[in-house]
Amino acid sequence: MSAVGPLAAVPGPIIARAAADGADEASGPAVGAGPAVVLGRRTAFGPALAAVYTGQLARARVARIPLLFVAAFQSVGILLLLRGVVDTGSETTREQVVAGASVLVVAFVALNLLAQRFGALRAAGALDYYLSLPVPRSAVVLGTAGSYATFAVPGTIVTAVFGALLYDLPLDRLWMLAPVLVLAGASLAGLGAAIGLLAPKPELATVGGQLGMSVVLFLGIIPADRLPVVVRAVRAAVPSTYAVDALADSFHRHVHWWGVVVDLLVCAAVAVVSLAVAAAALRRAGRA
Amino acid sequence: MLSYAVRGLTRRHGAGEHAVLANDGIDLDIGRGEVFGILGPNGAGKTTLVRQLMGLLRPTSGSIHLFGADVVAHPETAGRAAAYLGQDDGALADLPVALAIETTARLRGLTRAAARRAGRDILEELGLVALADRSIGRLSGGQRRLATFATALAGDRPVLVLDEPTTGLDPVARRAVWRALDRRRASAGVTVILVTHNVLEAETVLDRVAVLDEGRVIACDTPGRLKASVSDAVRLDLVWRGDPPTDDPVVAALERRSAVTGRRWTARLPAGEAREALGWLTTGPAFAVLDDFTLATPSLEDVYLALGGRARDLEHA
């Protein structure tokens with residue numbers, strides 16, 4: 001009966017604390033052989049920017065197309081509404097309404113939607129994806145901002161062409177949309193990114209984006225000469241004003257090109273500063 | 001050679017009386033080519049730990065070195081050696097699966113052509129080819145997780161830090177993930193650090209596991225030794241077809257020490273005794289009425305419960 005010896009002979013608690021199997025062995029890490037690992041290189045700014053930008057652009061195909069139309073519908077609606085309200089005899093008024101409605105599309109997409117997007121990514125912890133990659137933060141911000149500015153292009157063109165036809169403005173000046181779109185897009189997307197990344201809560205990012213868009217709506221579309229003096233000072237402090245003015249001025253019969261250039265330079269300066277702030281905010285978001 | 005060397009890692013969330021020690025004096029050495037697991041309940045500090053390993057969260061104190069580089073002083077170095085799979089995939093949700101992998105590979109420094117090739121290979125390896133053009137956000141939960149996991153493989157990093165990579169996956173997809181990890185470890189000595197809730201996963205794929213409870217590592221060893229450290233007992237389940245021959249001395253002894261549920265007997269025995277008893281039963285006359293039997297070692301869940309219980313007792317002591 002030796003086979004059942006232990007079982008029959010040793011009654012009592014069966015579960016006994018026993019020495020761990022191989023307790024004398026080291027329990028440290030298994031050390032892999034092979035050549036020493038050299039840390040990979042950081043991905044350079046250019047390729048990283050291109051990858052972020054093209055990746056984001058693909059999102060337009062999937063999700064953003066309805067939003068492009070919403071942005072254009074809103075501005076076209078405003079153009080139709082104001083057609084019956086404003087003094088269409090004034091050339092300056094007509095120019096500003098069309099320019100303001102066009103820039104409003106940029107503000108809706110690049111500022112408002114981007115602020116919401118970054119606010120939501122930050123709140124969900126989804127920025128970890130970018131922050132764990134070996135890429136310059138500025139490439140992430142610029143690539144995303146650039147893609148949102150690009151999302152605004154179709155809506156802005158539709159609005160500007162429709163507005164020029166509706167308000168009887170020269171269509172041959174619409175080439176000015178190109179520099180305005182680039183610089184207004186960069187500055188407003190930079191602001192949107194900064195708002196989204198700096199807002200402590202996603203709701204505040206949404207409010208900030210909406211507020212920014214409302215400022216463009218009121219101070220961009222309503223003709224400057226109809227605004228009270230105090231509000232005119234505020235208008236001068238808002239970056240989108242310079243994009244609106246540059247586009248409005250280019251509809252003039254006699255364009256003051258230096259004025260247009262100065263307006264565009266202001267947009268460029270705002271773009272540089274706001275994108276730098278957003279990139280710094282992204283770095284900070286990763287080390288909270 | 002070590003991948004990660006972690007010393008005294010402490011992370012405090014919040015300030016004042018609301019401060020919580022999410023990680024409390026953690027020491028870890030993770031070897032190159034190891035599949036290292038971090039097991040623990042919700043709120044144990046697992047995600048806080050891996051986010052610090054990736055330089056995504058600054059430790060309150062302590063040090064982290066990755067292949068000798070100081071991650072605390074230079075958090076951006078982590079991304080140069082390690083790929084990270086976080087819990088939220090919002091940044092990728094609107095992208096088609098193939099493009100998400102390709103974009104991630106490009107962001108890890110591959111050229112466009114190389115990234116596209118890598119994407120195709122990974123899609124094939126994980127059985128995702130049919131979903132290549134579907135947007136990640138529109139996939140089912142399991143497919144979505146698998147697609148996000150695929151992005152972590154892009155760019156062939158020597159270290160993979162994965163926060164619950166198999167949550168929501170069906171068994172087939174889960175095995176595809178484990179195979180992909182094993183292949184990289186075998187062919188390129190890739191280190192895998194894997195947060196898991198899943199006991200089966202921990203026991204199947206991990207070389208070593210750190211058990212985390214309330215921010216501290218309460219045990220760190222191979223799954224086998226951890227289980228042995230709790231108990232050397234194994235579980236013997238017997239199912240009888242008819243009346244067990246209780247005149248047999250071994251059967252009688254087993255009955256005394258079993259929890260009997262109908263025709264099923266469950267006994268916890270030292271491994272040697274269980275083997276002997278099973279040998280006796282399967283070669284003797286009792287085998288004629290024995291319908292089924294299983295011999296199982298304790299699971300890591302038993303280990304966690306035992307260790308966790310002990311840790312709580314210590315705190316109250």
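**Exercises on a pocket and two cores**

The largest pocket of this predicted model holds about 410 Å³ of space. A pocket is an open set of points on a 1 Å grid over the protein atoms alone, where a 1.4 Å probe fits and protein lies on both sides within 12 Å along at least five of seven lines; the volume is the space filled by probe spheres set on the points. Local features need pLDDT of at least 70 and side-chain atom pairs pLDDT 80 or more, whereas totals for chains, interfaces and linings use all residues. Residues are numbered from 1 along each chain as its sequence is written, and side-chain values use heavy atoms, without hydrogens and water.

**Exercise 1.** Describe the lining of the largest pocket, whose residues have an atom within 4 Å of a point.

*Solution.* Begin with the 21 lining residues, of which Arg122(A), Gly125(A), Asp128(A), Ala285(A) and Arg51(B) lie nearest the centre. Next, sort the lining by class, which gives nine nonpolar, six polar and six charged residues.

**Exercise 2.** Identify the residues that touch the most other members of the largest nonpolar core (buried nonpolar residues joined through side-chain atoms within 4.5 Å, buried being under 20% relative accessible area with a 1.4 Å probe, protein chains only).

*Solution.* The core has 157 residues, and Tyr4(B), Leu66(B), Leu126(B), Phe149(B), Val161(B), Leu162(B) and Ile193(B) touch the most other members. A second, separate core of 16 residues includes Val234(B), Leu236(B), Val250(B) and Leu278(B).

**Exercise 3.** State the domain bounds of chain B, which come from an automatic or database assignment.

*Solution.* Domain 1 covers 2-222 and domain 2 covers 232-297; their centres, taken over C-alpha atoms, are separated by 43 Å.

Key: Chains are lettered from A and ligands numbered from 1 in the order in which they are written. Ala, Val, Leu, Ile, Met, Phe, Trp, Tyr, Cys and Pro count as nonpolar, Asp, Glu, Lys and Arg as charged, and the others, Gly among them, as polar. Domain bounds come from an automatic or database domain assignment. Buried means under 20% relative accessible area, exposed over 50%, partly exposed in between (1.4 Å probe, protein chains only).
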